[in-house]
Amino acid sequence: MKSRSQQTLEKAIPIVAAVYGRQFGVKVVIGGAGACTDGNIVQLPEVDERYPRGVLWGFTAHECAHVRMTNFAVPRNAKSPLHKAMWNTFEDGRIEQWVVGEFPGTKQDLDAVVENAIDTGMFCGVETNLEPIDVLSGYCLYFVRSQILGQSALEPLFTRAESVFQEVFPGELYVRLRALLVQAAGLGSSEAAMRLAEKVVKLLEDEKDDAEKQQKPDQPTEQQPGEQSPGAGQSQGDGQSKGDKDQQGNGSDKGDNSKEGNPNADDAKGDQDSSPKSGDADEDGATGKGATAGASADDAKQAEKLVKALSAALDAGDDELPQDVMEQIKSSMAANAQANPGKGIYKTVQDAPSVTPSGDVDDNGMKLLSSKVRTRLQQLIEDDCRERVRTTRSGRRINANKVCRLTQGDTRVFNKRDSDKRHVDTAFMIAVDMSSSMARNQDIARKAALATALALEKIHGVDVGVVLFSGSANGTPVRTVLQLGQRAAQKVGSFQAMVANGGTPMAEGIWKAGFELLQSTRQKKVLMVIGDGAPNDYAAAEAVLKMCGNSGFDLVGLGIRTDALARLIATSVRIDEISELQEAMFRLSREAIVASAA
């Protein structure tokens, strides 16, 4: 049994990144100074093994979703830093809703990002001593993530942010803003997210304008001779000051909304209905003007507070806005990679485009050679997989040929079949070195790969795939010769088109071969390397081979005119001439295939 501390291929960064890339249809690459996205590719740095994997994959899912769903031209339409920040909050919520809907397994990783952000202080509490822009941004962010995305770890932060927001931004803004925020749940595009952000900014601007008109308290007017006081038969509404009339006229929409969303609207109406009557007037005939002026002064104070808070939020510059959590995670990953430089072990799992087949298809006798190998292997496998019968002292069927044992007191005359019948269920990937150092030996390598593939594909229960690794002018270190499960007999031209050139990116070739094996549903996985055993990066090739071994892969090597490959793969054989190929392939294939029959 493998130790939990052993590094396996299944959880390695390049493999999981490639799985995400294949799922999302986005190219994910490993390397560089930091994490970034250009709208087409997601790049991840080579972080240390101790970096939280959930955060890494949550970030990858988030960025892949942006590549798939975001129109990166839209942010240029933002009219202010606040406008852009609001769009980013809504767009992040929109694309994460999409990715969880399409790939439910990503929710766990996205939740891990949130939990890590809370633990490390990237998501922090909203308090009254913060700047208004921090309170506004925090409230909107935590609303979208906790109430719409269902990221429950943020519930306490949202509850606190909601309370602080109402204190920093008094009045009806809270109700109206919440009505807009709930619309973030149904956004269908980046443009829709930008329009919602614009509505939020417009609401803030309108609220600021309304509050500015209420900053000065009402001044009581002098009663002219012959005028009736409100308590002497004139309604309070008829006796309102010009300032009150202006306030009512300019804030009519706000008044309508307050009826719908303000739980204090009825209380305010009750206060108005209980205003002093004429009988309550003092000796000078005053009709409660002092109380009215006091209430207006309090309203003006609240309005002034709201204006200051809204002005600060609307005028905030880029450097005053809270940093986006994904940007903070990018910085975290970059710092981690820079603190652990120089490994070079983790390589990008390449797309591996197919080799263009050669027009001249000639198997050079490889079909005959592979037929001989296949016949011998098939016989061995059938013998190994054949159901065994042994005699026992009890059972239901008597072996007539063993009845004579009874005369000697031996009761082992019953037939019993072994229950652990073996069968072949194997995925077999071949990685072929086609670097410049293989130029003199490339013909042997091609024939070895083709003959092995032709022999194995005829065995029931075996899928074969072939990749080559080499340097190339277009920077593609790995190419596909035969996809896992394809028929080699139909791809002879691709084998013959394999040409040696460039360096030896063995680690990249093994990453690709390992990735394809992991995608197979076959029970047994075998990886064969054909080459001269001289990789560009020996440590990287050794590390990924070790992960393959820890993952339960059988590793075999075929060294071409060298024993160097045995330094990397223990089960290796060497051939110097094509005449030795049959026996070498037989030995390697027999060990891998027959051993896998258990």
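**Helix α4 and the nonpolar cores**

Let us start with helix α4, whose buried residues (under 20% relative accessible area with a 1.4 Å probe, protein chains only) are Thr106, Asp109, Leu110, Val113, Val114, Asn116 and Ala117. Because they cover an arc of only 165° around the axis, taken from the directions from the helix axis to the C-beta atoms, they sit on the same side of α4. This is a predicted model, in which local features need pLDDT of at least 70 and side-chain atom pairs count only at pLDDT 80 or more, while totals for chains, interfaces and linings use all residues. Residues are numbered from 1 along each chain as its sequence is written, and side-chain values use heavy atoms, without hydrogens and water.

What covers that buried side? Among the elements over the buried residues of α4 are α1 (13-24), α2 (53-69), α3 (81-102), α5 (132-148) and α13 (325-339). On the face turned away, you will find Gln108 and Asp119, both exposed, that is, over 50%. Just past the end of α4, Gly121 has a positive phi of about 85°.

Now turn to the nonpolar cores, sets of buried Ala, Val, Leu, Ile, Met, Phe, Trp, Tyr and Cys residues joined through side-chain atoms within 4.5 Å. The largest one has 115 residues, and Phe90, Tyr139, Phe169 and Leu177 have the most contacts inside it. Helix α8 (residues 190-213) supplies the largest share of this core, ten residues. Leaving aside neighbours within four places in sequence, Phe90 is in contact (heavy atoms within 4.5 Å) with Val144, Leu181, Ala184, Leu187, Ala193, Leu196, Ala197 and Val200. Apart from the largest core lies another, of 43 residues, including Val432, Val526, Met528 and Val556.

Key. Helices (H or I, at least four residues) and strands (E, at least two) are DSSP runs, numbered from the N terminus.
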